[in-house]
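Some words used for proteins rest on cut-offs. How does a value become a word? The model shown here is a predicted one.

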Amino acid sequence: MARQRFGIAVLIAMALLTVNAAAQSNEIAGSIGRVFISDQGVLGANPSNANIHFGNGLTYEANYARRFINLGILAVHVEVPFVFTPTVKLNFGQNIVPKSFRSYFVTPAARLNLFPTTAFSPWISVGGGFGRFGESDQLEFGGTNPGNRGTTTGVFQTGLGLDVKIIPVLKLRGEVRDFYSGVPQLNANTGKDRQHNIYVAGGLVFSF
């Protein structure tokens with residue numbers, strides 16, 4: 001009898017997985033926001049101006065996601081966020097750092113949504129991928145940048161957000177993601193080989 005009950009439970013679980021697979025859905029999302037990067041101190045620099053300052057670059061995200069599991073209270077998506085920042089300006093007291101850099105990150109991730117069918121659905125995302133920095137060919141105060149340009153890096157991504165349903169196929173999204181990456185070529189010794197790129201944004205999600 002116990003074996004029969006176990007077999008029935010397995011069949012029910014398989015049936016639920018089949019139903020969930022048949023109910024897979026897709027999302028395309030777009031958002032716009034800012035990326036925030038903490039100042040980095042330069043080792044051995046004048047204490048009165050020892051930090052490289054990063055501008056808060058205007059940033060864009062495109063995101064594709066597919067839902068694979070929907071348990072009513074919880075849904076699991078696989079998503080691929082692509083985040084692009086055209087310009088992050090740099091500031092330092094000496095004319096040694098690039099004028100600016102651009103960046104993009106691509107980080108496939110698993111996303112867990114709570115209450116996915118309700119009006120308000122909070123979520124968390126964890127994943128990893130790669131990114132690239134493109135340093136300016138000019139220094140901050142003029143002159144040719146003597147450093148290397150074009151830096152590829154591995155990236156670990158964590159995020160949290162809230163989706164608010166407007167109509168069944170359209171949602172508003174607010175989100176914060178941390179892209180933990182390597183550092184661009186700054187032509188200065190900051191003692192760092194990793195940095196947090198905090199993306200804060202809002203946008204729209206279209207489901208189909």
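The questions below take terms applied to this predicted model and set each value against its cut-off.

Q: What makes up the chain, in helices and strands?
A: The chain has one helix and 11 strands. Read along the sequence, the pattern is α-β-β-β-β-β-β-β-β-β-β-β.

Q: Why is Thr107 called buried?
A: The relative accessible area of Thr107 is 0%. Buried means under 20%, so Thr107, at 0%, is buried. Thr107 lies in the loop between strand 6 (100-106) and strand 7 (109-114).

Q: Which residues does Thr107 touch, leaving out those up to four places away in sequence?
A: Thr107 touches Glu79, Pro81, Gly128, Gly129, Val155, Gln157 and Phe179.

Q: Why is Gly143 called partly exposed?
A: Gly143 has a relative accessible area of 37%. Buried needs a value under 20% and exposed one over 50%. The value of 37% lies in between, so Gly143 is partly exposed. Gly143 sits in the loop between strand 8 (120-135) and strand 9 (151-167). Not counting residues up to four places away in sequence, Gly143 touches Asp137 and Gln138.

Q: What separates the C-alpha atoms of Gly143 and Ile96?
A: These C-alpha atoms are separated by 9.5 Å, and the two residues are 47 residues apart along the chain.

Q: Why is Asp39 called partly exposed?
A: The relative accessible area of Asp39 is 38%. Partly exposed covers the values between the cut-offs of 20% and 50%, so Asp39 is partly exposed. Asp39 belongs to the loop between strand 1 and strand 2 (40-41).

Q: How do you know that Asp39 touches residues beyond four places away in sequence, and which are they?
A: Contact means heavy atoms within 4.5 Å. Not counting residues up to four places away in sequence, Asp39 touches Asn51, Ile52, His53 and Phe54. For one of these, His53, the C-alpha atom is separated from that of Asp39 by 4.9 Å, with the two positions 14 residues apart along the chain as the distance in sequence.

Q: What makes a group of residues a nonpolar core, and how many residues has the largest one?
A: The members must be buried residues of the listed nonpolar kinds, joined through side-chain atoms within 4.5 Å. The largest nonpolar core has 19 residues. Ile52, Phe54, Leu90, Phe92, Phe101 and Phe179 have the most contacts inside this core. The elements that give two or more residues to the core are strand 3 (51-54), strand 5 (74-91), strand 6 and strand 11. Strand 5 gives the most, with three residues. In soluble globular proteins, nonpolar side chains tend to be buried together.

Q: Which residues does Leu90 touch, not counting residues up to four places away in sequence?
A: Among them are Ile52, Phe54, Val97, Phe101 and Leu186.

Q: How do you know that strand 9 and strand 10 pair?
A: Pairing needs at least two bridges. Strand 9 and strand 10 have 11 bridges, so the two strands pair, and they do so in the antiparallel sense. They form a hairpin with two residues between them. One bridge partner in strand 10 is Leu170, which is set against Ile167.

Q: Why do strand 10 and strand 11 count as a pair?
A: Strand 10 and strand 11 share 12 bridges in the antiparallel sense. The cut-off is at least two bridges, so these strands pair. In strand 11, Val200 is the bridge partner of Val176.

Q: What makes the largest cavity a cavity, and how much space lies in it?
A: In a cavity a 1.4 Å probe fits but cannot get out. About 40 Å³ of space lies in the largest cavity. The count comes to one cavity of 30 Å³ or more. Residues of its lining include Ala29, Glu61, Arg173 and Leu204. By class, the lining has three nonpolar, four polar and three charged residues.

Q: What makes the largest pocket a pocket, and which residues lie nearest its centre?
A: A pocket is an open set of points with protein on both sides. About 190 Å³ of space lies in the largest pocket. Its lining has 13 residues, and Glu27, Arg67, Pro116, Lys171 and Ser207 lie nearest its centre. Strand 1 gives the largest share of this lining, three residues.

How values were computed
Residues numbered from 1 in each chain as written. Predicted model: local features only at pLDDT ≥ 70, side-chain atom pairs only at ≥ 80, totals over all residues. Heavy atoms only, no water. Helix = DSSP H or I, 4+ residues; strand = E, 2+ residues; numbered from the N terminus. Buried < 20%, exposed > 50% of the residue type's maximum accessible area, 1.4 Å probe, protein only. 1 Å grid on protein atoms, 1.4 Å probe; cavity = no way out; pocket = protein on both sides within 12 Å on 5 of 7 lines; lining within 4 Å. Points joined across faces, edges and corners; volume = space filled by probe spheres on them. Nonpolar A, V, L, I, M, F, W, Y, C, P; charged D, E, K, R; others polar.
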